[in-house]
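Got your viewer open? Let's walk through this one together, one selection at a time.

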Amino acid sequence: MSIAPSQTVYASNLNEKINKLELKKNLYSLFTTYGRVIDIVALKTGKARGQAFIVFADITSATGALRALQKFNFLGKEW
């Protein structure tokens, strides 16, 4: 089963001890090196804790970021 390319990158296993604003700033700094980031959705409640969705302007940027950041250590945790 293959998944169709998307403009959105899903990141999990993020450090839950970082406040939401700081997490979004750090994610933005990291992901803008791969292309224009439109939005970052990071929730800090319930089952969504430690997860984020990074929305790029185009699929190529999202794919490049996804490939480059496999097994990446971000704020002390690997995802």
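## Starting on a strand pair

Select Thr8 first: across from it, in β3, stands Val55. Keep in mind as you click around that this is a predicted model.

Now extend the selection to β1 (8-11) and to strand β3, residues 51-56. These two strands pair in the antiparallel sense, over 4 bridges. For another rung of that ladder, pick Ala11, which stands opposite Ala52 in β3.

Turn on the side chains of β1. Which of them are buried? Val9 and Ala11 are, and they point to one face. Thr8 and Tyr10 point to the other face and are not buried.

Do the same with β3. Its covered face carries Ala52, Ile54 and Phe56, while Gln51, Phe53 and Val55 sit on the uncovered one. So the two pairs you just clicked look like this:

- Thr8, not buried, stands opposite Val55, a residue of the uncovered face of β3.
- Ala11, buried, stands opposite Ala52, a residue of the covered face of β3.

## The other partner of β3

Next, select strand β2, residues 37-43. β2 and β3 run antiparallel and are joined by 6 bridges. To see one pairing, click Leu43 and look across to Gln51 in β3.

## Over to the helix

Select α2 (59-68) and then Ser61, which is found in that helix. Is Ser61 buried or exposed? Its relative accessibility is 10%, and buried means under 20%, so Ser61 counts as buried.

What does Ser61 touch, once its neighbours within four places in sequence are set aside? Show Tyr34, Gly35 and Phe56: Ser61 is in contact with these residues. You have already met Phe56, on the covered face of β3.

## Into the largest pocket

Keep α2 selected and bring up the pocket. The largest one holds about 190 Å³ of space. To display its lining, select Ile3, Ala4, Pro5, Ser6, Thr8, Val9, Ala62, Thr63, Leu66 and Arg67. The elements that give two or more residues to this lining are β1 and α2, and α2 gives the most, with 4 residues. Thr8 and Val9, which you picked out earlier on β1, are part of the lining too.

Colour the lining by residue class and you get 6 nonpolar, 3 polar and 1 charged.

## A stop at Phe74

Jump to Phe74, in strand β4, residues 73-74. Why does Phe74 count as buried? Because its relative accessible area is 6%, and the cut-off is under 20%. Now put a distance label between the C-alpha atoms of Phe74 and Leu30: it should read 9.1 Å, although the two residues are 44 apart along the chain.

## Zooming out

Clear the selection and show the whole chain as a cartoon. You should count 2 helices and 5 strands, and following the sequence gives the pattern β-α-β-β-α-β-β. The radius of gyration is 12 Å, close to the 12 Å from the globule rule for 79 residues, so the protein is as compact as a globular protein of that length.

Align the view to the principal axes and the C-alpha atoms fill a box of roughly 30 × 30 × 20 Å. Colour by burial, and buried residues come to 28% of the 79.

One last thing to try is a contact map. Of the contacts with a separation of 6 or more, 62% are between residues 24 or more positions apart.

Definitions and conventions. Residues numbered from 1 in each chain as written. Predicted model: local features only at pLDDT ≥ 70, side-chain atom pairs only at ≥ 80, totals over all residues. Heavy atoms only, no water. 1 Å grid on protein atoms, 1.4 Å probe; cavity = no way out; pocket = protein on both sides within 12 Å on 5 of 7 lines; lining within 4 Å. Points joined across faces, edges and corners; volume = space filled by probe spheres on them. Nonpolar A, V, L, I, M, F, W, Y, C, P; charged D, E, K, R; others polar. Buried < 20%, exposed > 50% of the residue type's maximum accessible area, 1.4 Å probe, protein only. Pairing = 2+ DSSP bridges. Contact = heavy atoms within 4.5 Å. Rg over C-alpha atoms; globule rule 2.2 N^0.38 Å.
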